[in-house]
Amino acid sequence: MQIQLDPLTVRRLGESLDGRPGFLKLFYDTEDCGCNGVLVIQIVDSPNATDIVIQNEPYTFLCDRQQESLFDSSMTLAAEENYPSYKLTSPSGLFSSNLRVKDLRKG
């Protein structure tokens, strides 16, 4: 799996990491949403036992191996210019046009 990032997206993700260690995890969050799930980018301290690394540069992206089949092998993550969200697309379609970052790191 590969995620293309433009310079604005790289900068915004870096701002979200705020100079602290962390992994970016693509995750369909189903808690309290009353739907099939909402795609989020979680910032986590470390991978879970079921997480796999899907990309290392410029940031390490993770995905739970049980959710890997929900994504395409090639995707583009793009920051919205005037809004604190991202759009995740692939050649076959749109995953989310309002993807948010959720920092779950401790401390």
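**View 1. The whole chain follows the pattern β-α-β-β-β-β-β-β-β along its sequence.** One helix and eight strands make up the protein chain; helices (H or I, at least four residues) and strands (E, at least two) are DSSP runs, numbered from the N terminus. The model is predicted: local features need pLDDT of at least 70, side-chain atom pairs count only at pLDDT 80 or more, and totals for chains, interfaces and linings use all residues. Residues are numbered from 1 along each chain as its sequence is written, and side-chain values use heavy atoms, with hydrogens and water left out. The C-alpha trace spans about 30 × 30 × 25 Å along its principal axes. Buried residues (under 20% relative accessible area, 1.4 Å probe, protein chains only; exposed is over 50%, partly exposed in between) make up 37% of the 107 residues.

**View 2. Eight strands form an open, mixed sheet.** The strand order is S1-S6-S7-S8-S3-S2-S5-S4. Two strands pair if DSSP finds at least two bridges between them. Strands S1 (2–5) and S4 (51–55) stand at the edges with a single partner strand each, so one side of each is left without a neighbour in the sheet. Neighbouring strands are turned by 35 degrees against each other on average, direction ignored. Axes here are lines fitted to C-alpha atoms, for helices over the stretch in contact, and angles run from 0 to 180 degrees between N-to-C directions.

**View 3. Strand S4 pairs with S5 at the sheet edge.** S4 and S5 (residues 61–64) run antiparallel and are joined by four bridges. Gln55 stands opposite Phe61 in S5.

**View 4. Asp51 sits in strand S4.** Asp51 counts as buried, at 9% relative accessibility. Its side chain makes a polar contact (a pair of N or O atoms within 3.5 Å; within protein, one must be able to donate a hydrogen and the other to accept it, and residues adjacent in sequence count only if both atoms are side-chain atoms) with the side chain of Lys25, at 3.0 Å. The Asp51 side chain also reaches the backbone nitrogen of Asn48 at 2.8 Å. Leaving aside neighbours within four places in sequence, Asp51 is in contact (heavy atoms within 4.5 Å) with Lys25, Leu62, Cys63, Asp64 and Arg65.

**View 5. Helix H1 (residues 7–17) lies across seven strands, S1, S2, S3, S5, S6, S7 and S8.** H1 runs at about 70 degrees to S6 (74–79). Its buried residues are Leu8, Thr9, Arg12, Leu13 and Leu17. Just after H1, Asp18 takes a positive phi of about 55 degrees.
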